[in-house]
Amino acid sequence: MQNKNILERLKKGEAIHPNDPEYDRINEIVNRTIELSQKLNNATDIHQVRDCIGEITGVIIDESTTIFPPFYTNFGKFITLGKNIFINHACSFLDMGGITIEDDVLIGPKVNLITENHPLDPKNRRALITQPILIKKGAWIGAGATILPGVTIGKNAVVAAGAVVSKDVPDDMVVGGVPAKIIKSIDQ
């Protein structure tokens with residue numbers, strides 16, 4: 001029995017099928033985000049960008065956080081940003097499963113944070129299955145990296161440019177490659 005609304009079920013990682021009676025709620029948020037994203041990506045300064053992202057997420061973005069457009073998100077409501085974050089050009093956040101970025105994180109250009117997946121079974125493949133992404137304080141995600149559903153990037157960890165991260169990254173480690181593997185520890 002479904003006693004939670006679709007947004008709660010989505011964030012908990014339950015399979016959400018397109019024929020779900022509440023699926024229109026997702027489409028409403030997506031359509032609003034598409035509209036606001038046009039405003040965001042036409043902004044002429046970082047203050048406007050911050051305000052637009054705040055409108056998309058429904059939360060005021062701290063003034064210490066800088067995001068360079070273009071910036072892409074399909075949902076936006078499940079993005080949580082800390083303080084003193086830098087997000088470079090052309091990043092894409094698919095956040096239906098929840099993306100949390102803690103303080104002092106650096107995100108390079110063209111980084112993809114993907115919280116959404118689909119079942120392997122072709123009969124159910126249109127269903128959404130989500131898992132959250134957590135990027136802990138002080139982490140650095142290099143240009144063009146992709147972080148997949150359910151991954152936690154540890155405190156002060158570094159993800160090398162172009163890496164595809166499918167498993168958690170421990171604190172103070174550098175990972176790289178496809179799939180990403182530990183390269184070395186960061187000497188503190």
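In this predicted model, a good place to start is Val 164, which belongs to strand β16, a strand covering residues 164-165. With a relative accessibility of 24%, Val 164 is classed as partly exposed, because the buried class is reserved for values under 20% and the exposed class for values over 50%.

The surroundings of Val 164 come next. Leaving aside residues up to four places away in sequence, Val 164 is in contact with Thr 146 and Leu 148, and also with Gly 177, Val 178, Pro 179 and Ala 180. Gly 176 offers a further point of reference: 12 residues separate Val 164 and Gly 176 in sequence, while their C-alpha atoms lie 7.6 Å apart in space.

Stepping back to the whole chain, the secondary structure consists of 18 strands and three helices. The C-alpha trace extends over about 50 × 40 × 25 Å along its principal axes. The radius of gyration is 17 Å, which agrees with the value near 16 Å that a compact globule of 188 residues would have.

Of the 188 residues in the chain, 43% are buried. The accessible surface of the chain amounts to about 9900 Å², and carbon and sulfur atoms account for 53% of that area. Where contacts link residues at least 6 apart in sequence, 27% of them bring together residues at least 24 apart.

Charge completes the picture. The chain carries 20 positive and 22 negative charges, and the mean positions of these two groups are 5 Å apart.

How values were computed: Residues are numbered from 1 along each chain as its sequence is written. This is a predicted model: local features need pLDDT of at least 70, side-chain atom pairs count only at pLDDT 80 or more; totals for chains, interfaces and linings use all residues. Side-chain values use heavy atoms; hydrogens and water are left out. Helices (H or I, at least four residues) and strands (E, at least two) are DSSP runs, numbered from the N terminus. The radius of gyration is taken over C-alpha atoms; the globule rule is 2.2 Å times the number of residues to the power 0.38. Buried means under 20% relative accessible area, exposed over 50%, partly exposed in between (1.4 Å probe, protein chains only). Contact means heavy atoms within 4.5 Å. Accessible areas come from the Shrake-Rupley method with a 1.4 Å probe; for residues, only the protein chains shown count as cover. Lys and Arg count as positive and Asp and Glu as negative; His and the chain ends are not counted. The place of a charge is taken as NZ of Lys, CZ of Arg, CG of Asp or CD of Glu.
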